[in-house]
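Let's take a friendly walk through a protein model, beginning with a single residue and widening the view from there. Keep the structure open beside you as you read.

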Amino acid sequence: MVPPAMPGARNRSARVSRVVGAIAAALATALLTGNAAQNDPQFQMRQIDGGSAESAALADINNDGRLDIVSAESWYEAPTWQKKPIRSIPVTSGYVDSFSDLPIDVNGDRFIDVVQIGYFARRIVWMQNPGTTGTAWTEHLIDAVGPTEFAFLVDLDNDGRDDDLLPQFTGAAGAPLTWYELANGAWVTHVVSTRSYGHGIGAGDVNGDKRNDILTPQGWLEAPADPRAGAWTFHATDWQQRSIPAPTSPASSPSAPPPIAVPPASTSTPPPVASSPDAPGPTPRGAEWGFLYVLDINGDGRNDVLTTSAHSYGLCWFEQRADGAWQQHVIDHSWSHAHASVLADINGDGRPDLVTGKRFQSRNVAAAGDNDPLGVYWYEFSRNASRAVRWTRHTIDYGGKAGSGLQMAARDIDSDGDMDVLMGGKSGLFLAENLTKRAASPSK
């Protein structure tokens, strides 16, 4: 928002100086953006299922050496994607009530089981893979809690394995911030804080002490030496107060994605953040982020935070400054509802790319940008010698039925040496096959 004009040359000069200063600060770490080149990796879209489940995962369910697809009620056997049942899941308020599918061998029998999140059922369960017995999958309760928006498998006990369950409870749940440790086939509950902190969750080493911390929209909780018993120290941030504005002229061409866009540099200062991790009262709505990734984007040795706007416009990264402050850099705000995302090296340059897409009917109620065409994208970043960061958007699919739903996965599903992308959604379950290696080896 442009501030109102102030009388007098001195006031006008001061205002111009502030704007110029804000722009200069942004360019110092540079949020330079661009659209993709014509020689991008090409993807072939394939609809796996026309249903409306929004979860999507990849795992070798039957131990045949191939990655199968998992989505809510079913798994799909590679390579023909024959549909097979896991369990029956009700549809509530227009949602298939499994908001995350997390493959993991829970009981140690060397068959991959699946943790599932029931938002409306207010249950977190794990479904036991029957293996070669020919019997049905068996449901086991992890916790009767919720609503839970989404969950991830992360490494919070710092053993190098992503086998700890980190859910993001909604404000309606009124639940404490909790993680679950898998120990000898059972899930052990660890409460980090007496409350939760809004829409968004993440895990990573924020302060470089080799211990993975927990990130929330309101701040991050520093992991103690013993994450099972020690106190987690809360560090307040203004991430939740940094909502990304809608574009001034939203583009909705059915044939071409809108040009990558960033809002003007803001000179406003958000209100002070609360320093207490357990402040009373309801959690303010504010920005609603997806997963909060931790990585050093500008190469200054300090880890930054990368995230997407789940129910509004845009994606951004928060630069961790030397003084402990966080500076927001909007990457793109030309499209909305990037609820799900995944990090994967799409172009094989050794650097993680952000894969995300537009969710179809994000909340089943009218919302800004809902009627814009669906799109699935990947964003790569590069930096020059002065650590100026440039983001480039690449299109996987646009204007079709594929969106990002609540969960995405990126793996080399066909073992040809490049990353493929799987996405669920109310508009269907889709696989985007990366054709890079196929183009390089046409005989395959």
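We begin at Arg122, which sits in the loop between β10 (113-118) and β11 (123-128). Keep in mind that this is a predicted model. Is Arg122 buried, partly exposed or exposed? Its relative accessible area is 41%, so Arg122 is partly exposed, since that value lies between the 20% and 50% cut-offs.

Which residues does Arg122 touch, leaving aside those up to four places away in sequence? They are Asp143, Ala144, Val145, Gly146, Pro147 and Ala172. Ala173 makes a nice example of how the fold brings parts of the sequence together: Arg122 and Ala173 are 51 residues apart in sequence, while their C-alpha atoms are 8.6 Å apart in space.

Now step back to the whole chain. The protein chain has two helices and 31 strands. Of its 444 residues, 52% are buried. Among contacts with a separation of 6 or more, 52% join residues 24 or more positions apart.

Next, look at the nonpolar cores. The largest one has 33 residues, and Ile214, Leu306, Tyr379 and Trp391 touch the most other members. Strands that each supply at least two residues of this core include β13 (148-154), β24 (326-336) and β28 (389-398). Apart from this core lies another, whose 18 residues include Ile117, Ile142, Leu153 and Trp187.

Leu153 also turns up at the second largest pocket, which holds about 850 Å³ of space. Its lining has 32 residues, with Phe152, Leu153, Asp162, Val342 and Met408 lying nearest the centre. Which element gives the largest share of this lining? That is β13, with five residues. Other elements giving two or more residues include β3 (57-59), β25 (341-344) and β29 (408-411). Here is how the lining residues divide:

| Kind of lining residue | Number |
|---|---|
| Nonpolar | 21 residues |
| Polar | seven residues |
| Charged | four residues |

Finally, how confident is the predictor? The mean pLDDT of the protein chain is 88, and 85% of the residues reach 70 or more. Over residues 1-31, however, the pLDDT is below 50, and this stretch has 35 contacts in the model beyond near neighbours in sequence. Residues 279-283 also stay under 50, with seven contacts beyond four places in sequence.

Key
Residues numbered from 1 in each chain as written. Predicted model: local features only at pLDDT ≥ 70, side-chain atom pairs only at ≥ 80, totals over all residues. Heavy atoms only, no water. Core = buried A, V, L, I, M, F, W, Y, C linked by side-chain atoms within 4.5 Å. Buried < 20%, exposed > 50% of the residue type's maximum accessible area, 1.4 Å probe, protein only. Helix = DSSP H or I, 4+ residues; strand = E, 2+ residues; numbered from the N terminus. pLDDT = per-residue confidence, 0-100. Contact = heavy atoms within 4.5 Å. 1 Å grid on protein atoms, 1.4 Å probe; cavity = no way out; pocket = protein on both sides within 12 Å on 5 of 7 lines; lining within 4 Å. Points joined across faces, edges and corners; volume = space filled by probe spheres on them. Nonpolar A, V, L, I, M, F, W, Y, C, P; charged D, E, K, R; others polar.
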